[in-house]
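Biologist: I've got the fold up on my screen and want to talk through its bonds and backbone oddities. Can you walk me through them?

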Amino acid sequence: MNKAPLLLLIVTTLLQAEPVNSPQNWLISALYDDQKHRTAISQLNRSESRNQDLMTQLQASQHELDQHNQQVLQLVIDELGHWPGIQDVGEGAAKISLILFKRSSLEQQAKYLPMVLQQVKQNNLPAQWYAELSDHYLMSGNSPQHYGHLMARSTSNGQQILYPIDDLQTVNNRRRTIGLDSLQSQMGQRNWLLRVNNQQTNNAKLSSPEPVMKMAQLALKCLDQIYPNSVKHVLNSAEDARPPDELYPAFFGCFDWHSSVHGHWLLARVARLFPNHPESAAIIQRLDNHFTSERMAAELRYFQQPGRQGFERPYGLAWFLQLYTEINNWQHPQAKQWLAAMQPLKDHVVHQLSDWIPKLAYPIRGGEHSQTAFAFGMAHDYASQTGDQALLSLINEHSLRLYAGDRRCPVNYEPSGHDFLSPCLAEGDLMRRVMTATEFKIWLKRFLPGIRKDKNWLPVAQVTDRIDGKLAHLDGLNLSRAWMLEGIAYALPDNDKRREKLLKIADQHASAGLAGVTGEHYAGGHWLGSFATYYLTQRGLPVHH
């Protein structure tokens, strides 16, 4: 279909609705001139019997129109005294100015960009428009993007890739400065999963979200599945011998309380990252059914019964704070309602941890639920991302008290047969959160000296029986090791020689761990999807927040 008549109709309609001598009118007319010959030129380019004389004639004519349009754009700027914003010329005409920007020379674009930014600061243009123009200017000059707005096609396989960016942390800092969400969130809206490239942080990697959405199906399958179930709690009377969905009516599925909690986190994570994915609406509905004020109040009552101050401490409590953080970071209309419903239970959990942590004379270094380093790391992320300064200070203080003096962690003793967390790596992953980069670099050298020296440092854990729930823990160990190795590596300077080795070992563990997440056996299927999602979406890396 020839778009030219339709464009002419649109332009004519707009012109009739506006005063003839106005900046808005000038821009609308410029759009017609901008497209006057481009359709014909495109058709000639695709034609097998191309009329080169006609092509040359049309290109010359279009070039003259483009030059005239640059004068029109300057006239609009002079008339308004600034770059045309939505309040000045309307959204449609303001978008036309973006087209004219891209037709201008790089020298002229450099002059225009501060004008565009000024209108963003005055809420006269969306920040996303400025990001697009800035990245277009940089890409045209063969420079890395500042905001990560533009895609390209791979020369090797033709697949879409993210045009090179500055390092992701810098990009996200710039985005935050002008009011944009993280680049990972932006790509997720386009149904792309963005991960930091394991070898080059300035070339983030895009992939399909489908592997993560498959993990969501595992959580959806068990979210309301009551049995089998492992109920571990103190019975104060015969009344307490009740089914899980009566004891804790929000987090009763997926075999046990903590697995249900991080199953809910998994679903919140994928629905937040990929809001336009076809499955996200159904996920949100399932979450809405569970995150009611009534169900959350019943959860709190359960926690408040005598003898339950240690229930799910610290592992399940840490995952609940992770769930709360995910929803707190989610700009969704229902998220505020869910947060309000969760607030009393969240406050109780924070109080429980805040009361318990100072009493710890020693860290708990096991490889299962009781481990303190892993829980402290998750609670630290909650506190830093939600602004809970009291808990943040407490975790920083006691993490240093319990772990700063550690040396030569016996990582060669790992793993124990039922581990799903590495005591040594979890401690390193915690300390990179609470120490400065310089302090951590020095501390890590003393804590894990074998990273550089040992050729066979930290081999992948072998899983012998995925039907046995405890032995299947080792699939989770490989996944948690993978994300902890990444966390430690990215906390080191780019030129640190340990970094490349850590990331290589992380890849090895991730490949082994992901291979075990099939859902074939409920022993692993009810929880491993959360660990896989935490790794795949790089939830623990500050670069994404």
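Biologist: Where does Pro-314 lie?
Modeller: Keep in mind that this is a predicted model. A cis peptide bond joins Arg-313 to Pro-314, with omega at about 5°. As for its place, Pro-314 sits in the loop between helix H14 (293-303) and helix H15 (315-328).

Biologist: Which residue does a cis peptide bond join to Pro-228?
Modeller: Pro-228 belongs to the loop between H10 and H11. Omega for the cis bond there is about 0°, and the partner of Pro-228 is Tyr-227.

Biologist: How many disulfides does a search of the whole structure find, and what is the pairing in sequence order?
Modeller: Quick reminder: a disulfide is a covalent bond between the sulfur atoms of two cysteines. The search of the whole structure turns up two disulfides. Number the bonded cysteines along the chain and the pairing reads 1-2, 3-4.

Biologist: Is the disulfide of Cys-222 and Cys-254 right-handed or left-handed?
Modeller: The sulfur atoms of Cys-222 and Cys-254 are 2.0 Å apart. This pair ties together distant parts of the chain, 32 residues apart, with Cys-222 in helix H10 (residues 210-222) and Cys-254 in the loop between helix H11 (244-247) and helix H12 (257-273). The S-S torsion is about 85°, so this disulfide is right-handed.

Biologist: Is Cys-254 buried or exposed?
Modeller: Its backbone stands out a bit, as phi of Cys-254 is near 60°, a positive value in a residue other than glycine. Buried means under 20% relative accessible area. Cys-254 has 1%, so the verdict is buried.

Biologist: What about Cys-409 and Cys-424: is that disulfide right-handed or left-handed?
Modeller: Here the sulfur atoms of Cys-409 and Cys-424 are 1.9 Å apart. The pair links distant parts of the chain, 15 residues apart: Cys-409 is in the loop between helix H18 (389-403) and helix H19 (423-434), and Cys-424 is in helix H19. Cys-409 and Cys-424 are both buried. With an S-S torsion of about -85°, the disulfide comes out left-handed.

Biologist: Is Arg-408 buried or exposed?
Modeller: Arg-408 is in the loop between H18 and H19, and its phi is near 50°, positive although the residue is not glycine. The cut-off for exposed is over 50%. Arg-408 has 60% relative accessibility, so it counts as exposed.

Biologist: Which elements give two or more residues to the positive patch?
Modeller: The patch is made of Arg-408, Lys-441, Lys-445, Arg-452, Lys-453 and Lys-497. The elements you're after are helix H20 (437-447) and helix H21 (450-453).

Conventions
Residues are numbered from 1 along each chain as its sequence is written. This is a predicted model: local features need pLDDT of at least 70, side-chain atom pairs count only at pLDDT 80 or more; totals for chains, interfaces and linings use all residues. Side-chain values use heavy atoms; hydrogens and water are left out. Patches are made of residues with over 30% relative accessible area and no salt bridge: like charges are joined within 9 Å, nonpolar side chains (Val, Leu, Ile, Met, Phe, Trp, Tyr) within 5 Å. Accessible areas come from the Shrake-Rupley method with a 1.4 Å probe; for residues, only the protein chains shown count as cover. A salt bridge is a side-chain nitrogen of Lys or Arg within 4 Å of a carboxyl oxygen of Asp or Glu. Lys and Arg count as positive and Asp and Glu as negative; His and the chain ends are not counted. The place of a charge is taken as NZ of Lys, CZ of Arg, CG of Asp or CD of Glu. Helices (H or I, at least four residues) and strands (E, at least two) are DSSP runs, numbered from the N terminus. A disulfide is a pair of cysteine sulfur atoms within 2.5 Å. Buried means under 20% relative accessible area, exposed over 50%, partly exposed in between (1.4 Å probe, protein chains only).
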